[in-house]
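Grab a pencil and work through these exercises on cysteine pairs. Try each task before you read its solution.

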Amino acid sequence: MTIPSGRRCSWKLITQVSCLLLVLSSHKASATCFPAIFNFGDSSSDTGGNHAAFPTETAAEYLPYGQTYFNEPRARYSDGRLTIDFIIGHFRLRQWGKFCNLMGNKSKSTGLPYVVPTFDTGVAVTTQHPYKKLYDELFRGKNDSFSGAVETTTSQDPELKIALEAARRIPLTEYFEQGLYIISIGTSDFSAGIAKQQTLLDIEAYLPDIVTGITNAVKAIYNEGARTIIVGGVGPIGCLPVQLTVITHDATQLDNFGCLAPYNTLVRSYNVQLKQALVDLRVQLPLATIVYLDNYQLQHNLLFNNTQNGISVGIQSCCGVPSTYNFNDKVQCGETGIVDGGLFLVSQTCPNPVNFTIWDGYHYTEAANRYFARQILSGRYFDLPFSLIPDNCTANQI
């Protein structure tokens with residue numbers, strides 16, 4: 001199915017939306033592993049939040065998204081699984097991705113407020129709902145009264161019953177302290193500035209605000225019980241096909257890898273600020289393990305040292321209009337369109353996504369995401385020695 005061109009603008013805005021992905025433990029998960037993962041991310045780790053908020057308006061709801069692994073779209077901005085999917089699978093956790101669908105979409109028909117957890121650059125999560133007392137009881141462990149409430153709504157309000165049954169899968173109270181928290185946002189703040197045609201100096205001026213937003217988020221979840229927190233830096237956005245296409249530049253602005261040097265320099269400056277802020281946070285929050293994940297080096301290494309991983313194509317999109325970077329801002333992955341006064345363009349998908357690093361100009365392929373997950377689990381790109389996999393944790397291979 002071809003993505004209607006009218007939805008493209010909405011999709012650009014949606015990539016700037018962050019969503020909370022909540023993952024619960026399966027019955028088979030080892031008690032010595034993390035019982036839950038709470039992921040705060042952007043579209044690179046979105047498994048359905050954008051779809052729930054804007055149904056039928058997101059590119060990831062249409063082929064060729066999802067084609068490699070799922071053989072159908074699964075509201076993921078990739079040809080298959082995301083990095084967070086692989087991490088979830090490794091720890092044998094089951095995903096709570098349909099929470100947004102149950103709670104978000106149903107609210108449109110019932111007139112109830114959204115209960116989809118949302119935030120901007122790491123600010124607070126909202127849980128407004130007329131049945132909030134039931135949520136409060138659940139979080140305090142009063143599961144008996146909550147279960148009784150679910151039963152009494154069976155005949156009275158079937159849609160509410162669905163929502164309540166979804167809410168019953170909220171983690172146990174102790175999981176909020178025992179779980180793993182991942183915060184990997186900030187890329188969209190750079191992308192938004194570029195889309196607004198802001199100068200490098202303009203973008204540089206608000207970088208401290210992004211860092212402050214993220215550190216405030218860390219403090220907020222710490223106060224709610226979070227004790228193991230991974231915070232990811234921003235990757236090399238100057239190497240992405242979207243930026244190499246939309247940003248006017250000449251050869252002097254490209255580095256030895258063919259990336260936009262000024263933008264990557266700015267990202268590295270931001271990452272230094274973020275990393276230092278996390279060092280300071282460790283002093284302020286002594287009960288927490290706070291780890292910085294070097295997404296920049298992780299992604300850059302795959303882009304330009306990729307042959308050993310079976311990936312042979314770096315800064316070209318697998319899915320897009322054939323061109324230097326296989327990307328066209330007006331006709332993106334899965335689209336067709338008429339541009340420049342009559343030129344008809346058709347997006348094409350490479351026959352071998354497993355050989356590509358970048359999927360659609362913005363996001364990575366399943367093959368790249370698998371590599372990222374393996375490296376994260378190895379701890380290689382953390383700024384301090386930290387193992388995500390205790391010796392007595394029984395986990396799956398990915």
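**Exercise 1: one bridge, step by step**

Cys 239 and Cys 259 are joined in a disulfide, with their sulfur atoms 2.1 Å apart. A disulfide here is a pair of cysteine sulfur atoms within 2.5 Å. Before you start: this is a predicted model, where local features need pLDDT of at least 70, side-chain atom pairs count only at pLDDT 80 or more, and totals for chains, interfaces and linings use all residues. Residues are numbered from 1 along each chain as its sequence is written, and side-chain values use heavy atoms, with hydrogens and water left out.

Task: work out the handedness of the link between Cys 239 and Cys 259, and find where each partner lies.

Solution:
1. The torsion about the S-S bond is about 105°, so the disulfide of Cys 239 and Cys 259 is right-handed.
2. Cys 239 sits in the loop between β6 (228–232) and α12 (241–246), and Cys 259 in the loop between α12 and α13 (261–284), so the pair ties together parts that are 20 residues apart in sequence. (Helices are DSSP runs of H or I, at least four residues; strands are runs of E, at least two; both are numbered from the N terminus.)

**Exercise 2: buried or exposed?**

Task: decide whether Cys 239 is buried or exposed, then do the same for Cys 259.

Solution:
1. Buried means under 20% relative accessible area, exposed over 50%, partly exposed in between (1.4 Å probe, protein chains only).
2. Cys 239 has 0% relative accessibility, so it counts as buried.
3. Cys 259 has a relative accessible area of 0%, so it is buried too.
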